[in-house]
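Hi everyone, thanks for making time this morning. I'd like to walk you through one model, so let me put it up on the screen.

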There are 2 protein chains.
Amino acid sequence: MVRTPIIDTVHKVRLVDVAREAGVHAGTASRALNPAARDSVSRQTVRRVERAARKLGYTPNTVARGLRTSRSFVVALVVPDITNPLFPYIVRGAEQALTEAGYTLVLTDTNNEPDIERSQVAAMRARGVDGFIVATARWHDPALDALAEAGIPTVMVNRRSESSPFPYIGADDRRGIEMCVRHLVELGHRAILHLAGPADTSTGRDRTSAFRQAMRDNGLRTEESIVACTSFTEQGGADAINTVLALGTPFTAIVASTDLVAIGAAEALAGHGFRCPRDVSITGYNDVDFMRRLTPAFTTVRVPLNNMGMLAARTLLNSLRGAEPEVGTQILLPVEFVRRGTTAPVGPPRKPRS
Amino acid sequence: MVRTPIIDTVHKVRLVDVAREAGVHAGTASRALNPAARDSVSRQTVRRVERAARKLGYTPNTVARGLRTSRSFVVALVVPDITNPLFPYIVRGAEQALTEAGYTLVLTDTNNEPDIERSQVAAMRARGVDGFIVATARWHDPALDALAEAGIPTVMVNRRSESSPFPYIGADDRRGIEMCVRHLVELGHRAILHLAGPADTSTGRDRTSAFRQAMRDNGLRTEESIVACTSFTEQGGADAINTVLALGTPFTAIVASTDLVAIGAAEALAGHGFRCPRDVSITGYNDVDFMRRLTPAFTTVRVPLNNMGMLAARTLLNSLRGAEPEVGTQILLPVEFVRRGTTAPVGPPRKPRS
DNA sequence: GTAGGTGTGACAATCGATTGTGGGAAGTAG
DNA sequence: CTACTTCCCACAATCGATTGTCACACCTAC
């Protein structure tokens with residue numbers, strides 16, 4: 001094939017061009033520019049090559065390098081839904097750590113659909129990404145199993161998977177939920193409901209189990225108090241409340257599995273004439289940015305999302321540098337209870353709009 | 001170099017393996033698998049190759065292909081700050097359109113810093129991305145100029161740049177602002193303030209100019225009514241209000257350049273004892289998700305962010321397919337005025353906390 | 001039976017950087 | 001002056017897929 005002359009664009013300078021300019025062979029130029037191999041080249045030559053590279057404005061072709069070395073310096077971050085306010089902070093933290101280390105982040109949004117997750121993970125693999133940060137882990141997750149089987153460096157963030165050997169970077173949910181329950185108990189609440197997240201997510205399961213434990217520790221029973229939400233959304237929270245109300249389960253306080261669930265629950269309650277916190281107290285979870293702005297501002301648990309993203313990236317980078325992570329490693333970041341306006345001492349029982 | 005035997009990982013199947021399995025040459029297999037070149041191969045052979053590929057679980061090595069074809073099927077999306085609730089929707093729309101077309105999105109967050117923007121754009125170029133979607137455009141933007149000079153397919157979304165020839169996908173800000181002003185005028189407001197965004201962004205400039213025009217159209221003067229914010233943030237809005245209050249400029253309504261600015265302004269006003277909308281009416285801009293949840297819910301202008309992202313991606317994809325876009329193309333999406341609780345008829349003048 | 005046409009697939013160059021190997025020059029010692 | 005070491009650098013193979021060129025086979029027509 002004839003190399004077509006490039007007319008309308010700047011001629012891209014290649015390594016051979018630099019080598020010619022410096023009067024050396026391309027291989028030598030490569031070594032001169034590579035800090036790891038630099039010591040097999042004389043200092044003089046290194047200087048000449050560097051000068052030539054600078055003069056010509058050489059930027060190495062990452063694709064070609066990747067082909068040869070089978071390393072792309074690209075990491076894929078898989079999120080379920082970037083418009084869920086939880087994730088931008090994680091993305092940002094990860095991006096910062098990755099960029100700092102010379103890596104690039106490719107983002108894929110699975111729209112909460114396992115099929116899309118699978119196909120996207122496959123596509124990223126074909127693209128030769130060096131590793132994965134997965135924020136979509138489900139309790140049983142074939143996509144993660146496939147990554148494990150293929151031995152591809154991966155970390156899980158925010159959610160973990162039962163069967164996966166990969167490191168997990170999350171928050172101390174047990175303690176977060178425990179603080180919510182204790183706070184409500186101290187306010188005199190006994191009939192406390194938990195709006196549980198989906199059981200196919202670790203965040204759903206872990207928080208539910210933590211709730212059960214915390215209730216027990218406070219001598220409270222949980223038979224009727226755990227209500228499942230089908231999703232971590234406002235709709236999920238609203239539906240759960242409607243179910244509970246239809247059943248007639250008594251309650252004076254709610255521990256929601258997530259901020260959005262809490263908001264949905266509050267709206268549904270308001271729709272039935274219950275006021276928060278006068279009639280029922282509610283706690284959220286994650287302290288997404290706008291929780292403090294709502295009226296009343298939500299009592300919730302602050303999770304260091306940005307840090308979680310950074311740590312996830314750093315952990316992955318360590319694996320990429322060859323550190324074999326201990327199977328089952330978990331990093332649980334500390335959380336902070338944030339008392340605001342949606343929790344109050346339990347009052348006399350009221351009927352709505354009475 | 002000896003090819004080291006791969007032990008601990010699945011042997012990656014290459015095109016030659018497929019070819020051997022099908023009993024043909026690699027070149028032939030390549031054509032058989034490529035829809036564009038398929039007709040230079042007999043139907044029989046195509047079938048044999050396809051069967052072999054399926055049997056072996058062949059996935060083409062995108063890196064190698066990229067090296068040869070100098071196309072990566074990767075698009076870079078540059079955002080100023082992913083945690084600004086404006087951007088996740090744009091990202092999502094773009095990602096959907098891109099994925100649908102077999103492209104991958106790499107995301108880079110510039111943290112609002114021009115230097116980072118420059119270096120990131122350079123890094124993405126070295127990585128061989130096929131094109132750029134830029135959401136960080138400033139009115140004068142060297143990074144965009146560089147892209148233009150290099151002839152790299154690019155589109156601007158949300159913000160545009162004065163000097164850039166690239167297509168721009170935005171919203172009909174002129175009309176959006178005009179609706180805000182008209183609404184306030186109909187409520188009886190005359191002393192209307194505009195909290196203008198930074199003049200180095202097109203969104204700042206365009207909305208300010210639209211405000212000026214709309215005021216003129218309503219027979220109102222604008223000498224004292226335009227107040228600059230240094231950034232599209234709550235802090236920017238709050239600072240602007242504090243300045244205005246210190247100056248003693250009279251006003252009964254505010255057209256903010258952005259939702260966040262509007263929120264910051266409302267909070268600052270509340271801090272001075274002014275109530276919204278009783279003492280002052282406020283309009284936001286963009287209708288970011290949580291605006292409807294605040295108390296009072298914000299009157300604002302809904303911008304189809306998701307669509308903007310999609311259209312930006314589709315426009316870029318067209319360029320990548322060889323369609324030479326008309327220089328100066330602009331796509332302005334229609335906006336929708338959303339009346340909620342932060343605007344009310346002008347009342348008798350009040351002093352705060354009186 | 002031969003000439004001419006058409007279609008199919010093999011061959012090899014190529015994208016650009018990395019890296020194992022070997023050779024040659026320079027330097028030191030005997 | 002020879003022999004041996006040391007240090008640099010050039011050479012060429014390689015990563016895996018794409019694609020221009022060419023040869024061969026088969027078919028039709030005269």
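I'll go through the symmetry, the contact between the chains, the two DNA strands, and one helix.

Before anything else, please keep in mind that this is a predicted model.

Let's start with symmetry. How is chain A superposed on chain B? A rotation of 180 degrees does it, with 0.1 Å of shift along the axis and an RMSD of 0.1 Å. The two copies are thus related as by a two-fold rotation axis. Both copies use the same surface, too: 100% of the contact residues of chain A recur in chain B. If you want to find the axis on your screen, look for Val106(A), the residue of chain A that comes closest to it, with its C-alpha at 2.0 Å.

Now the contact itself. Chain A puts in 34 residues and chain B puts in 35. On the side of chain A that touches chain B, the elements giving two or more residues are α4, α5 (87-100), β2 (104-109) and α6 (114-126). By class, that side has 18 nonpolar, ten polar and six charged residues.

On to the DNA. Around strand C there are 31 residues, and those that come nearest are Arg14(A), Leu15(A), Gly27(A), His25(B) and Gly27(B). Chain A gives two or more residues from each of α1 (15-22), α2 (26-33) and α4 (62-69), while chain B does so from α2 (26-33), α3 (43-56) and α4 (62-69). Which element has the largest share of the surface near strand C? That would be α4(A), with five residues. The classes there are twelve nonpolar, twelve polar and seven charged.

Strand D has 32 residues around it, with His25(A), Gly27(A), Thr45(A), Leu15(B) and Gly27(B) coming nearest. Here α2, α3 and α4 of chain A each supply at least two residues, as do α1, α2 and α4 of chain B. The largest share, five residues, comes from α4(B). In this case the split is 13 nonpolar, twelve polar and seven charged.

Last stop: helix α7 of chain B, residues 142-150. Its buried residues are Ala143(B), Leu144(B) and Leu147(B). These cover an arc of only 100 degrees around the axis, so they sit on the same side of α7(B). And what covers them? The cover includes α6 (114-126), β3 (131-134) and β4 (154-157) of chain B. Just after the helix, Gly151(B) takes a positive phi of about 70 degrees.

That's my tour, and I'm happy to take questions.

Methods
Residues are numbered from 1 along each chain as its sequence is written. Chains are lettered from A and ligands numbered from 1 in the order in which they are written. This is a predicted model: local features need pLDDT of at least 70, side-chain atom pairs count only at pLDDT 80 or more; totals for chains, interfaces and linings use all residues. Copies are superposed by least squares on the C-alpha atoms of residues with pLDDT of at least 70 in both. Two residues are in contact if their C-beta atoms, placed from the backbone, lie within 7 Å. A residue is near a molecule or strand if its C-beta atom, placed from the backbone, lies within 6 Å of it. Helices (H or I, at least four residues) and strands (E, at least two) are DSSP runs, numbered from the N terminus. Ala, Val, Leu, Ile, Met, Phe, Trp, Tyr, Cys and Pro count as nonpolar, Asp, Glu, Lys and Arg as charged, and the others, Gly among them, as polar. A residue is buried if 20 or more other C-beta atoms lie within 10 Å of its own, exposed if 12 or fewer, and partly exposed in between; C-beta atoms are placed from the backbone. The arc is that of the directions from the helix axis to the C-beta atoms.
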